[in-house]
Amino acid sequence: MDKTTIRIFDTTLRDGEQSPGASMQKEEKLQIARQLEKMGVDIIEAGFPVASPDDFAAVAAIASEIRGASVCALARCRPEDIDTAARALEGAAAPRIHVFLATSALHMEKKLGMSPEAVLGTIDRSVRQAVARVGEVEFSAEDATRSDRDFLARAVGAAIAAGARTINIPDTVGYALPSEFRDLVAFLIDSVPGARDVIFSAHCHNDLGLAVANSLAAIEGGARQIECTINGIGERAGNAAMEEVVMALKVRRAFFGLETRVRTEEFIRASRLVQTITGMLVQPNKAIVGANAFAHESGIHQDGLLKDKRTYEIMLPEQVGLSEGALVLGKHSGRHAFRSRLEALGYRLSEEELVQSFARFKKLADQKKEIYDEDLETLLSEGTSDQDKDRFRLERLAVSGGTLMPPTATIVLAVDGEERQMAGLGSGPVDAIYRTLSKLTGSTARLLSFTVKGITGGSDALGEVTVRLEEEGRVAAGHGADTDILVASARAYLEALNRLQRKKERDRKAGITPQPVL
Ligand code: KIV
Ligand code: ZN
């Protein structure tokens, strides 16, 4: 077993999706999975198949397509969960089932209502059931860092004896400190029979801002798999950010002496993709992928950099995929050039999708002379929602504003295929559009956030608007891109409204009543 490599286990599609409002559709999950495969991630945790038919379908689709990474499905220690996970993974080239059960006294008593002996028996039975279905089984001791050490060692021992080949130590509530966590991993590897024949893994949450530090400490303790997400998204304060863990290992290679298989030049693209799909934008000072991560403002720093980059740069922007966007396409580019560039960016489109996106590209090229990779990605990401299932579609929009007249929006909207028209006022042009759209759709959704950014430089740049809406406890993101930011604003709002509609419909079928978001 190779212990000089750190396996990167990505859980953006499972724990990442548990971020409030980050739920993704099947096609969006597939897009992220393709990017993860392209990056060289070892294991993709694609979802929790028993949670819903949508989750099952997304895991099955990813399992059938991805060949360059192992595809993993989560299951509680319950026969039905394990059976559903195994069925969802049937098409996978390298399937893995990830079973978990809590081992802290608090969780066993209050949440599970199980005795410690019953927990040990359940781990044994569940791991054996999973091993009988797929060879590669991972066991997680939920809330490991608040568990009694000796009991945790017995639980881990039971999982290894039953055939688990990866043992994950989650810091479920982000409670551990780095030195403590390193010692815990080292203690388990030293004391549990069979521990040296399996891979130990760390899964850290960021409640105290220590997820990356704890993951690196676990590596020092002997862990050889790290569970992480793109941009660090995940339950509550999130999970360890993959780009931070991997770049720490790369920049401080002399200290760790360990490799990953990840192509770090793909980080910016992956980060943007996840931001676009989830609507969760990273802050400018976010390490590695934030807009300011490589920006030097102080004169002293700029002077130093001009003399020698190493004075203030510990890694090169190119290493994480940050480069001046190369001019790739323009008004005269044909369909062939368009398709080849998209393929190089990792998109695989059907003939129909290609025709539709090429038409959008031509329209954009009429408005904007130079089209960069980022423009193409934005254009493509607009087309990823299930548009044929959309209830609301923007037909026409006219907006007036300025200092002479009150901001007014006149909108023609197709609602279930039928045209409706209305004009309305607002305190600004975007407000006028959103108020009018609310009336036209009858929606009571609340705007949680509105962000606008230029995709590439210049006043003719594509403006991308991202909104997050909340209605009856459901949260959905939407984004729209256009050289006219008012059109982009309307599209973003409608995309989020359409997603809320689909969620409402899905919950109604499943008999789920969501809790209000405060
Ligand atoms: O945080 C956690 O404990 C988890 C487990 C399912 C691994 O996400
Ligand atoms: Zn977690």
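The shell around ligand 1 comprises two nonpolar, six polar and three charged residues. This structure is a predicted model. The briefing below begins with ligand 1, proceeds to the zinc ion and helix H3, and then considers several individual residues.

**Surroundings of ligand 1**

- The residues that surround ligand 1 are Arg14, Asp15, His98, Phe100, Ser140, Glu142, Asn168, Pro170, Thr172, His203 and His205.
- Three strands each contribute at least two residues to the shell around ligand 1, namely strand E4 (95–102), strand E5 (136–142) and strand E6 (166–171).
- Asp15 places a polar side-chain atom 3.1 Å from an oxygen atom of ligand 1.
- For His203, a side-chain N or O atom is 3.1 Å from an oxygen atom of ligand 1.
- For His205, a side-chain N or O atom likewise lies 3.1 Å from an oxygen atom of ligand 1.
- Ligand 1 exposes 260 Å² when taken alone, and the protein buries 94% of that area.

**The zinc ion**

- The zinc ion (ligand 2) is coordinated by Asp15 through OD, by His203 through NE2 and by His205 through NE2, at 2.0 to 2.1 Å.
- Along the chain, the donors of the zinc ion follow the spacing D-x187-H-x1-H.
- Distant parts of the chain are linked by the pair Asp15 and His205, which stand 190 residues apart.
- Asp15 belongs to the loop between strand E1 (7–10) and helix H1 (26–39), whereas His205 belongs to the loop between strand E7 (199–204) and helix H8 (211–221).
- Both Asp15 and His205 are buried.
- Asp15, His203 and His205, the residues that coordinate the zinc ion, also appear among the residues surrounding ligand 1.

**Helix H3 and its packing**

- Helix H3 spans residues 79–88, and its buried residues include Asp81, Ile82, Thr84, Ala85, Ala86 and Ala88.
- The partners against which the buried residues of H3 pack are helix H2 (53–65), strand E3 (70–76), strand E4 and helix H5 (116–133).
- Strand E4 therefore has two roles in this description, as it is a packing partner of H3 and a contributor to the shell around ligand 1.
- In an α-helix there are 3.6 residues a turn, so residues three or four places apart point the same way.

**Glu65 in helix H2**

- Glu65 is located in helix H2.
- Glu65 counts as partly exposed because its relative accessibility is 26%, a value that falls between the 20% limit for buried and the 50% limit for exposed.
- Beyond residues up to four places away in sequence, Glu65 touches Leu30, Arg34 and Arg348.
- With Arg34, the contact includes a polar one between the two side chains, at 2.6 Å.
- Glu65 and Ala92 are 27 residues apart along the chain, and their C-alpha atoms are separated by 7.6 Å.

**Ser70 in strand E3**

- Ser70 is part of strand E3.
- Ser70 is classed as buried because its relative accessible area is 12%, and the class requires a value under 20%.
- A polar atom in the side chain of Ser70 lies 2.8 Å from the backbone oxygen of Ala94.
- Not counting residues up to four places away in sequence, Ser70 touches Asp42, Ile43, Ile44, Ala94, Pro95 and Arg96.

**Thr466 in strand E15**

- Thr466 lies in strand E15 (residues 463–471).
- Thr466 is buried, with a relative accessible area of 5%.
- Apart from its neighbours within four places in sequence, Thr466 is in contact with Gly279, Leu281, Ser449, Phe450, Thr451, Gly478 and His479.

**Two loop residues**

- Leu316 sits in the loop between helix H12 (299–307) and strand E9 (327–330).
- With a relative accessible area of 37%, Leu316 is partly exposed.
- Leu316 is in contact with Phe294 and Lys309, leaving aside its neighbours within four places in sequence.
- The C-alpha atoms of Leu316 and Phe294 are separated by 8.4 Å, and the two residues are 22 residues apart along the chain.
- Pro20 is found in the loop between E1 and H1.
- Pro20 is exposed because its relative accessible area is 57%, and the class begins over 50%.
- From C-alpha to C-alpha, Pro20 and Leu364 are 33 Å apart in space, with their positions 344 residues apart in sequence.

Conventions:
Residues are numbered from 1 along each chain as its sequence is written. Chains are lettered from A and ligands numbered from 1 in the order in which they are written. This is a predicted model: local features need pLDDT of at least 70, side-chain atom pairs count only at pLDDT 80 or more; totals for chains, interfaces and linings use all residues. Side-chain values use heavy atoms; hydrogens and water are left out. A residue is near a molecule or strand if one of its heavy atoms lies within 4 Å of it. A polar contact is a pair of N or O atoms within 3.5 Å; within protein, one must be able to donate a hydrogen and the other to accept it, and residues adjacent in sequence count only if both atoms are side-chain atoms. Accessible areas come from the Shrake-Rupley method with a 1.4 Å probe; for residues, only the protein chains shown count as cover. Helices (H or I, at least four residues) and strands (E, at least two) are DSSP runs, numbered from the N terminus. Ala, Val, Leu, Ile, Met, Phe, Trp, Tyr, Cys and Pro count as nonpolar, Asp, Glu, Lys and Arg as charged, and the others, Gly among them, as polar. Buried means under 20% relative accessible area, exposed over 50%, partly exposed in between (1.4 Å probe, protein chains only). Contact means heavy atoms within 4.5 Å. Donors are N, O and S atoms within 2.8 Å of the metal (3.2 Å for Na, K and Ca); water is not among the atoms, so sites may look incomplete.
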